[in-house]
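Q: Could you take me through one part of this protein slowly? I am new to reading structures, so please explain the terms along the way.

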Amino acid sequence: MREEVPAVPWLMLAEKEGNEESREFFDMSKDVTRIMSFPELVEKRCLGVGFPGWIFMADEQRKMNLFHLFSRSVINLPDMDMLEGFDYEWERGFCRYYVEKADRSPLLLVETPRRAYSDITWYDGQFCGVDFMGNIIIFDFRGPEEYPTVATVVKGIPPSLTSGTQLYMVHSLRELLVITRDGAFLDDDGSYGVEEFHVYKIDVNRESYEEVVDLGNRALFLGSSATLAVEKASQIEGCKGNCIYFTDDCWQSYFNIERGGGKDMGIYNLLDGIIEPHYTGESYHKFSPPLWIFK
């Protein structure tokens, strides 16, 4: 039986002024750019999610939905105003999450500590999140449905390792990984840009961590999308193991720059710290800079 080869994500490029309905997708494995018409995405804030073909969209009317790029299916989500504690201006400040189950039963209420989450992933039958201080938040939905799900906070990595960084979370080979990215915030000279990443393996039971200095044949994809681990990178043309493929999601830095985000993208080699480009063109936008689309 032929072994399934994992797929590398496409890079969805930013909306272009004057040609807003067309979006370009860079296929890194074939080094080609595909153009498709998506009027549904015009003037929308887009984020990648962890399911093939799906993206999250939000507009200025605070409407949210999930949109499938290939079938054009739409799943409507609750309006932002339904989320208690949500700060529309800063896109953070959740104190409660509402989770819609696949069978379209009523939304589940999830009580969480009031904190800003940097990333969330599915791990060991539970949702796990990491906040900006490096704490791990576990959302266990396996209890009785008539009771709210209460999030549990455990130690992750200490604040000394997270200060001034952007954090990401992913599961891979039965490991829960947290990644830190420096250079996400403006320097004194008004510039920003990553210089190095660090990867940490989290043990939620012991509330401990250890640094991962070698990812082996794994590649990580992160940015304004769900973080993805590709576990057989060498089998994919144009994909390298021990590398982190990143896009520009440093919105606190690029939002006040006229052309927006799209500068801080590339491939980071975890072994030697060398950064090289994965897309050599230019693609900038304030609200929807380039992001990874899972296939």
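A: Here is a close look at one sheet and the strands in it.

This is a predicted model, where local features need pLDDT of at least 70, side-chain atom pairs count only at pLDDT 80 or more, and totals for chains, interfaces and linings use all residues. Residues are numbered from 1 along each chain as its sequence is written, and side-chain values use heavy atoms, leaving out hydrogens and water.

To set the scene, the protein has two helices and 24 strands. Helices here are DSSP runs of H or I with at least four residues, and strands are runs of E with at least two, numbered from the N terminus.

Now to our sheet: it is open, with four strands in the order β10-β11-β12-β14 and antiparallel pairing. Two strands pair if DSSP finds at least two bridges between them. At the edges are β10 (117-123) and β14 (152-154), each pairing on one side only. From one strand to the next, the twist averages 25°; axes are lines fitted to C-alpha atoms, and angles run from 0 to 180 degrees between N-to-C directions.

Let's zoom in on β11 (residues 126-131). Four bridges join β11 to β12 (residues 136-139), and the two run antiparallel. V130 stands opposite I136 in β12.

F127 also lies in strand β11. The residue is partly exposed, with a relative accessible area of 30%; that label covers values between buried (under 20%) and exposed (over 50%), using a 1.4 Å probe and protein chains only.
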